[in-house]
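The exercises below are to be worked with the sequence and the coordinates open. Each task is followed by a stepwise solution.

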Amino acid sequence: MTYRPRDLLALEPLTADELTFLLDQSKPFQEIQRHPLKKLATLRGKTIALAFFESSTRTRISFGTAASRLGADIMNLQAEASSLKKGESLLDTVHTLDAMKPDCLVMRHGASGAPEFVARHLDIPVINAGDGTHEHPSQGLLDALTIRDRKGTIENLNVTILGDIKHSRVARSNIHLLGKFGCRFTLCGPAMWVPSELEKIGPPGARIRRVFRIEEALEDADVALVLRVQSERLHEPALSLEDYILLYQLSAERLRHAKADAIVLHPGPLNRGIEITPEVADSPQSCVLEQVTNGVAVRMALLFLLAAGPSEDGAHPAVEAQASKKRRSTDVKDPSHASR
Amino acid sequence: MRIVEKAQLMSASEIDRTLQRLAHEIVEKSGGTKHLALIGIRRRGVPLAQRIAQAMRGIDGVDVPVGTLDITLYRDDLSKVASHAVLQSSHIPFGVDNMDLVMVDDVLYTGRTIRAAMNGLFDLGRPKRVSLCVLIDRGHREMPIESQFTGRVVQTSPTEIIEVRLREIDNEERVVLVDRVE
């Protein structure tokens, strides 16, 4: 099958076939990461606008690298230097960017749903590079690609997610993707970060449970996804950093409760010695650097699919999909989206 | 518009004999097979390259490595076809530096596919020599590109299409000339 999305705003609405297609299309770009000469001319003359309204280093560099390896030019907007500080509205800012005629907008924003809002007002494809506590679709795809490479499959795996799941768009994108392939999820972390409504996110029939003892949560796991602890969210004295380490840090000893061939994922940046010990982060089970390499491949595939250009009749390849996209935009299942 | 079959250009046994001859020619002209490798251009160049490599094994037991190349990302008309283009993996399991590479494709026409394939190859390194082997050369070049090993030269008009049908992909084995008629 072929699948030409107009935008990539979330993984939740995509089918298993569409997700498999996106992962398969990333494979040729994984090979290009190994070439001595990594630069293609595929998107020569195209411009990719990177609008990061929330600070980001690695995702922005990853999308920027993907765009340059495809031969595209980059337009960069960073929150700190932007006119948002001067009181311009989000819509005015993106309309101004759009007036400089980019071919695709990659956007990160602190508010859940902001990229979808922008996509409804622009004719160019929009890629969500992380919005609030909603989704981070390219991260979900690169995680799945990493798991598929290591495990040979993404079907019916036991996935344990550790940390601040409530605020994690990475966890949500992973659940929306892997849940469509029959994976079972065990969520583990302090109770304030693992509220009961998380059991209801994910595709219909997704098996999601909460476990509060990390050893029990890791039992029989194929994949351990460790999330970054943001200390400003710890709210002392409810939970101190020391207590978090004591109760939830992924150590080599705790990882032994998982399957012997379990792999460890972390979206980065790593807090060594907090959510993960250096021993685990540097172990052969850790996929942290493969995730980074795969991130560029996945983002090259997304830019190729969305920004490569019009179809033969001159229309944008996915204009037909626009109507259905608009319908989807009101169909929000995750109750905690708007919490931030 | 209808597509009509005008003539059969090659039967299964003619394809086989032609590939045997091309294998001999490549071995002869290369002056040694030590650095020789075949690059099949997707899609139909891939089974053809594998069959030529198989034929070479029968010549003097030489085992020539075969790689496959998908040229989609290097096309110069991508903006026209992007909405249907599906990327396939390229798989070249050897270093190309200082190699004697023979690209294999089914039909040589405008030369644009070969231009794209060479761009792809040079992203992998610096081969010592690159040559081209095709089953059919149908003329109408738009680039200064020629094949060094040619199965058959066929005079065609621009509306005609040459279809190379191979058992690995098409479940039949023959080359036909078809035409588009109003």
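How many bridges join strand E1 (residues 2-10) of chain B to strand E8 (residues 174-181) of chain B, and do they run parallel or antiparallel?

The model is predicted, so local features need pLDDT of at least 70 and side-chain atom pairs count only at pLDDT 80 or more, while totals for chains, interfaces and linings use all residues. Residues are numbered from 1 along each chain as its sequence is written, and chains are lettered from A and ligands numbered from 1 in the order in which they are written.

**Exercise 1. Work out the antiparallel sheet of chain B.**

Step 1. Fix the terms. Helices (H or I, at least four residues) and strands (E, at least two) are DSSP runs, numbered from the N terminus. Two strands pair if DSSP finds at least two bridges between them.

Step 2. Take the pair in the opening question. E1(B) and E8(B) are joined by 7 bridges and run antiparallel. Within this pair, B:Gln8 lies opposite B:Val176, and B:Met10 lies opposite B:Val175.

Step 3. Add the other partner. Strand E7 (residues 160-165) of chain B pairs with E8(B) over 6 bridges, in the antiparallel sense. Here B:Ile162 has B:Leu177 of E8(B) as its bridge partner.

Step 4. Assemble the sheet. The 3 strands form an open sheet in the order E1-E8-E7 (chain B), with antiparallel pairing. E1 and E7 of chain B are at the edges with a single partner strand each, so one side of each has no neighbour in the sheet. From one strand to the next the twist averages 30°. For such angles, axes are lines fitted to C-alpha atoms, for helices over the stretch in contact, and angles run from 0 to 180 degrees between N-to-C directions.

**Exercise 2. Describe the parallel sheet of chain B and the helices packed on it.**

Step 1. Write the strand order. An open sheet of 5 strands reads E3-E2-E4-E5-E6 (chain B), and the pairing is parallel.

Step 2. Find the edges. These are strand E3 (66-69) and strand E6 (149-153) of chain B; each has a single partner strand, so one side of each is left without a neighbour in the sheet. Direction ignored, neighbouring strands are turned by 25° against each other on average.

Step 3. Inspect one pair. Strand E5 (residues 129-137) of chain B and E6(B) pair in the parallel sense over 4 bridges. B:Val134 stands opposite B:Thr150 of E6(B).

Step 4. Place the helices, with contact meaning that two C-beta atoms, placed from the backbone, lie within 7 Å. Helix H2 (residues 45-60) of chain B packs on the sheet and touches strand E2 (36-41), E3, strand E4 (100-108) and E5 of chain B; its direction makes about 155° with that of E2(B). Helix H4 (residues 112-122) of chain B also packs on the sheet, touching E2, E3, E4 and E5 of chain B, and its direction makes about 155° with that of E4(B).

**Exercise 3. Summarise chain B as a whole.**

Step 1. Count the elements: 5 helices and 8 strands. Along the sequence they follow the pattern β-α-β-α-β-α-β-α-β-β-β-α-β.

Step 2. Compare with the globule rule, 2.2 Å times the number of residues to the power 0.38, with the radius of gyration taken over C-alpha atoms. Chain B has a radius of gyration of 16 Å, close to the 16 Å given by the rule for 182 residues, so it is as compact as a globular protein of that length.

Step 3. Add the contacts. Of those in chain B with a separation of 6 or more, 70% are between residues 24 or more positions apart.

**Exercise 4. Locate A:Val194 and state whether it is buried or exposed.**

Step 1. Locate the residue. A:Val194 is in the loop between strand E6 (184-188) and strand E7 (207-210) of chain A.

Step 2. Apply the burial count. A residue is buried if 20 or more other C-beta atoms lie within 10 Å of its own, exposed if 12 or fewer, and partly exposed in between, with C-beta atoms placed from the backbone. A:Val194 has 22 other C-beta atoms within 10 Å, so it is buried.

Step 3. List contacts. Leaving aside neighbours within four places in sequence, A:Val194 is in contact with A:Ile165, A:Lys166, A:Leu187, A:Cys188, A:Gly189 and A:Arg210.

Step 4. Set this against the chain. Buried residues make up 46% of the 340 residues in chain A. In helix H6 (residues 169-178) of chain A, 10 of 10 residues are buried.
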